[in-house]
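Hi everyone, thanks for coming. Let's look at this one together, and please stop me if a term is unfamiliar.

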Amino acid sequence: MNYSLEEKYQLIKEEIKKETSKNPLTIVRNIMHKDFISIHGPEHHFLDGASFLVAYYNAGGDIDLESSLLELGKRSQNMPGAMCGLWGVCGSCTSIGACLSIIHHTSPLSENGFYKDNMEYTSQVINEMSEIGGPRCCKRNAYLSLITAVEFVKNKYDIQMEMNDINCEFSSFNKQCIKERCPFYNRL
């Protein structure tokens, strides 16, 4: 079935609010298996951040989940597809950067440490992605973004989310899979 991006966002929001895990990797993988999520696509710009917000909230993060998801939806709809190759920044990374901004009420005029922290997070993830190289993979980049985010909020804000090892289940569906170069490649 073909879904519009707006329909995908609505379905993601409906499904993601059912999740009770403190593990954003578990959450994102659960939703990635739904028929409305493409192997690659701009829906990941909402999905990845929404998975982070839900896990953050479930781990005791002090946010209004509904308004945070609504704001993330607005922001991520402004992120075009193919950002990684055309703009040099990954939509997954910017999605979680937007989440950190939403959580801390950061704006372009903020003078507090959160402005710096948000940039520190995104630069860490972009650096990891640059070391692996391309072509694009929305699944790989989601995992990298979320793993870095879990460690980041633990170290910076003492929010204890959960994490698990990832063996990618999507390699056979990705025509551009880099296989052994990917840290999540499932060799089975």
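About 9400 Å² of the protein chain is exposed, and carbon and sulfur atoms supply 51% of that; such areas come from the Shrake-Rupley method with a 1.4 Å probe, and for residues only the protein chains shown count as cover. Bear in mind that this is a predicted model, where local features need pLDDT of at least 70, side-chain atom pairs count only at pLDDT 80 or more, and totals for chains, interfaces and linings use all residues. Residues are numbered from 1 along each chain as its sequence is written, and side-chain values use heavy atoms, leaving out hydrogens and water.

Now, how much of the chain is buried? Of its 188 residues, 51% are, where buried means under 20% relative accessible area, exposed over 50%, and partly exposed in between (1.4 Å probe, protein chains only).

On to the aromatic rings. Rings of Phe, Tyr and Trp (its six-membered ring) pair if their centres lie within 6.5 Å; planes under 30 degrees apart are stacked, over 60 edge-to-face, and the rest tilted. That gives seven aromatic pairs. In one of them, the centres of Tyr3 and Phe36 are 6.2 Å apart with planes at 80°, so this pair is edge-to-face. Phe36 has 5% relative accessibility, so Phe36 counts as buried. Tyr143 and Phe184 also make an edge-to-face pair, with 5.3 Å between centres and 80° between planes. Both Tyr143 and Phe184 are buried.

Finally, ring pairs join Phe114, Tyr121, Phe152 and Tyr157 into a cluster. Thanks for listening!
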